Amino acid sequence: MTSKILVIGATGYIGKVFVEGSVKSGHATFALVRESSLTDPVKAELVQSFKDLGVTILYGSLNEKESLVKAIKQVDVVISSLGRTQILDQVNIIDAIKEAGNVKRFLPSEFGNDVDRTVAIEPALSEFIMKAQIRRAIEAAEIPYTYVVTGCFAGFFIPSLGQCHLRLRTPPTDKVFIYDSGDAKAIINTEEDIVAYTMKAVDDPRTLNKILYVHPPKNIVSQNDMVSLWEGKIGKTLEKTYVSEEELLKSIQEAQHPMDFVMGLIHAVLVQGDLTSFTIDPSVGVEASELYPDVKYTSVDEFLNQFV
């Protein structure tokens, strides 16, 4: 029997991919939606698309404990994909799971860096500390969990060749900023592959009370690797401007929120090598592509083909 899955934060960037991926993998899928959000025509259309897929829409809110407990009692697994501003609100989910008493697995909103092993600085560090606080609250409540550590979202990192603050939709064909030496190794996965690996893990006893690291070997790349792959595809060498760590740190201090966070992420991932600064401790973590070799993941190289 596959678990029944509830996605909280279902209309968000990664949340909608979780809803679709849960359905695709054969799970009875539920989405918690605030009724007030349906006044937004884009979200209303998205919720209708969920219904068309056979998703059960449950109306409720993180601040309405009764509706939250009622929703949770209908499922086996809860996946939170709440955004940055709501990380600490997950204590309400933890309380509701504890009261409901039926949840086999909780996957809090992670899907990025390993917040217990990070070397990031502010302002990114504050968010990672909040995620770590949620981990400790889950463990204190003795709720079964899996923490999914995925590295960067391909849709965010690859079109900009790591220059995330520029919010490019397609990679540049003229020039690129390289941070520090450009050699720090990052980990970059497509949103769909992150969800595919997560869906494999939700019922797997090997991932119970563990960290699932999504570290497929072809997606461990530096900024220089990304740029070189892109140059090979377009048959052209980009003009490179090297940004020192000191210059980047100054830019972070001068940037407005949320751009300071995005640039802080660049510093953590592409300068400090935050995603690859450690080896996986088998007592606490497992690697997804080793556990699930049947998942045919999209490599960074393959992802770039769509822009040629």
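UniProt annotations may be inferred rather than shown by experiment, so keep that in mind for the one here. The UniProt record, an unreviewed entry, carries the annotation "domain: NmrA-like" over residues 1-304. What you're looking at is a predicted model. Over residues 1-304, helix makes up 38% of the chain and strand 17%, and the end C-alpha atoms sit 37 Å apart.

**Helix pair α3 and α4**

- A quick reminder: two packed helices are described by the angle between their axes and the distance between the axes.
- Here, the axes of α3 (residues 65-72) and α4 (residues 90-100) come within 9 Å and cross at roughly 55 degrees.
- That angle makes α3 oblique to α4, since it falls outside the 65 to 115 degrees that count as roughly perpendicular and isn't under 35 degrees, the cut-off for roughly parallel.
- As for handedness, α3 and α4 make a right-handed crossing.
- On the α3 side, the contact is made by Lys-65, Leu-68, Val-69 and Ile-72; their partners in α4 are Asn-92, Ile-93, Asp-95, Ala-96, Ile-97, Glu-99 and Ala-100.
- Sorted by character, the residues of this α3 contact with α4 come out as seven nonpolar, one polar and three charged.

**The three-stranded sheet**

- Strands of a sheet pair through backbone hydrogen bonds, either parallel or antiparallel.
- This one is an open sheet of three strands in the order β6-β10-β13, and the pairing is parallel.
- β6 (146-149) and β13 (285-287) are the edge strands, each pairing on one side only.
- Neighbouring strands of the sheet are turned by 25 degrees against each other on average, direction ignored.
- Zooming in on one pair, β6 and β10 (residues 210-213) run parallel and share four bridges.
- Val-149, for instance, has Tyr-213 in β10 as its bridge partner.

**Backbone oddities worth a look**

- Most residues other than glycine have a negative phi, and most peptide bonds are trans.
- Glu-122 and Pro-123 are joined by a cis peptide bond, with omega about 10 degrees; Pro-123 itself is in the loop between β5 (105-107) and α5 (124-140).
- There's also a cis peptide bond from His-257 to Pro-258, where omega is near 5 degrees.
- You'll find Pro-258 in the loop between α9 (245-254) and α10 (259-271).
- Glu-142 isn't a glycine, yet its phi is positive, near 55 degrees. Look for Glu-142 in the loop between α5 and β6.

Technical notes. Residues numbered from 1 in each chain as written. Predicted model: local features only at pLDDT ≥ 70, side-chain atom pairs only at ≥ 80, totals over all residues. Heavy atoms only, no water. Axes fitted to C-alpha atoms, helices over the stretch in contact; angles between N-to-C directions. Helix = DSSP H or I, 4+ residues; strand = E, 2+ residues; numbered from the N terminus. Parallel < 35°, antiparallel > 145°, perpendicular 65-115°, else oblique. Left-handed = near helix turned anticlockwise from the far one by under 90°. Contact = heavy atoms within 4.5 Å. Nonpolar A, V, L, I, M, F, W, Y, C, P; charged D, E, K, R; others polar. Pairing = 2+ DSSP bridges.
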